[in-house]
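Open the model in your viewer and keep the selection tool handy. We will go stop by stop, picking residues and looking at what surrounds them.

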Amino acid sequence: MGVFSLPPLVTHAQANACVRDFEAHVRASDSLWTLEASALQRFDSSALAVLLACRRLAAQRGQTLRVVGLSPRLQSLARLYGVHELLGV
C-alpha cells in the first residue's frame, strides 16, 4: 500500500507542486493509495483542489485513494464546497 503525506502548508502557491509530487508517487505503485492529511495545518480552498486532483489521478490509473487525517476544519470546508462525499468525509 502506498502512502502519500500532504505537507503542513497547502495554498494556491503550493497546490501544483503537491499534485505533481502525488502523481510521481502514484506512478510507482499499482496498489491502494492512502493520502495522509494529518500534517496539513495551514491551507486554503486549494487544498480541496489538490485532494480532488489526487483522487482523479489515482482513478485514472485504476487505483483507489483513501483520504485520512483530515482536520475538522478541512472537513467543514469540504462540506461547504459540496465535495465531502467525493473525499469520503
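Helices (H or I, at least four residues) and strands (E, at least two) are DSSP runs, numbered from the N terminus. With that in hand, select Tyr 81, which lies in helix H3. This is a predicted model, in which local features need pLDDT of at least 70 and side-chain atom pairs count only at pLDDT 80 or more, while totals for chains, interfaces and linings use all residues. Residues are numbered from 1 along each chain as its sequence is written, and side-chain values use heavy atoms, with hydrogens and water left out.

**Stop 1: around Tyr 81**

Stay on Tyr 81 and add Ser 45 and Leu 48 to the selection: Tyr 81 touches both, not counting residues up to four places away in sequence. Contact here means heavy atoms within 4.5 Å. Draw a C-alpha to C-alpha distance from Tyr 81 to Leu 48 and you should find 8.8 Å, although the two are 33 residues apart in sequence.

**Stop 2: the sheet**

Next, show the strands as a cartoon. Three of them form an open sheet in the order S1-S3-S5, with parallel pairing. Two strands pair if DSSP finds at least two bridges between them. In general, strands of a sheet pair through backbone hydrogen bonds, either parallel or antiparallel.

Which strands are at the edges? S1 and S5 are the edge strands, each pairing on one side only. Neighbouring strands of this sheet are turned by 20 degrees against each other on average, direction ignored. For such angles, axes are lines fitted to C-alpha atoms, for helices over the stretch in contact, and angles run from 0 to 180 degrees between N-to-C directions.

Now select S1 (residues 2–5) and S3 (residues 33–36): four bridges join them. Four bridges also join S3 to S5 (residues 65–68). To walk across the sheet, start at Val 3, which stands opposite Thr 34 in S3, and carry on from Thr 34 to Arg 66, its opposite in S5. Further along, Leu 35 stands opposite Val 67, and Glu 36 stands opposite Val 68.

**Stop 3: the two faces of S5**

In a regular strand the side chains alternate between the two faces of the sheet. Show the side chains of S5 to see this: Leu 65 and Val 67 point to one face and are buried, while Arg 66 and Val 68 point to the other and are not. Buried means under 20% relative accessible area, exposed over 50%, and partly exposed in between (1.4 Å probe, protein chains only).

Zoom in on Val 67. Because its relative accessibility is 15%, Val 67 counts as buried. Val 67 touches Leu 35, Leu 51 and Leu 87, again leaving out residues up to four places away in sequence. Its C-alpha is 9.7 Å from that of Phe 4, a residue 63 places away in sequence.

Add helix H2 to the view as well. H2 lies across S3 and S5, running at about 155 degrees to S5.

**Stop 4: the nonpolar core**

A nonpolar core is a set of buried Ala, Val, Leu, Ile, Met, Phe, Trp, Tyr and Cys residues joined through side-chain atoms within 4.5 Å. To find the largest one, select Leu 6, Phe 22, Leu 35, Leu 51 and Leu 74, the residues with the most contacts inside this core of 29 residues. H1 (12–27), S3, H2 (46–60), S5 and H3 (72–81) each supply at least two of its residues. H2 gives the most, with eight residues.

**Stop 5: the aromatic cluster**

Centre the view on Phe 22, which is buried with a relative accessible area of 0%. Its contacts beyond four places in sequence are Phe 4, Trp 33, Leu 35, Cys 54, Leu 57, Ala 58 and Leu 65.

Rings of Phe, Tyr and Trp (its six-membered ring) pair if their centres lie within 6.5 Å; planes under 30 degrees apart count as stacked, over 60 as edge-to-face and the rest as tilted. How many aromatic pairs does this rule give? The count comes to two. Phe 4 and Phe 22 have ring centres 5.4 Å apart and planes at 85 degrees, so this pair is edge-to-face. Phe 4 is in S1 and Phe 22 in H1, 18 residues apart.

Phe 22 and Trp 33 form an edge-to-face pair, with 5.8 Å centre to centre and 70 degrees between the planes. Since Phe 22 lies in H1 and Trp 33 in S3, this pair ties together parts that are 11 residues apart in sequence. Trp 33 is buried too, at 3% relative accessible area. Select Phe 4, Phe 22 and Trp 33 together, and you have one aromatic cluster.

**Last stop: a charge over a ring**

Finally, select Arg 73 and Phe 43. The charged end of Arg 73 sits over the ring of Phe 43, 4.2 Å from its centre. The rule asks for NZ of Lys or CZ of Arg within 6 Å of the ring centre and within 35 degrees of the ring normal.
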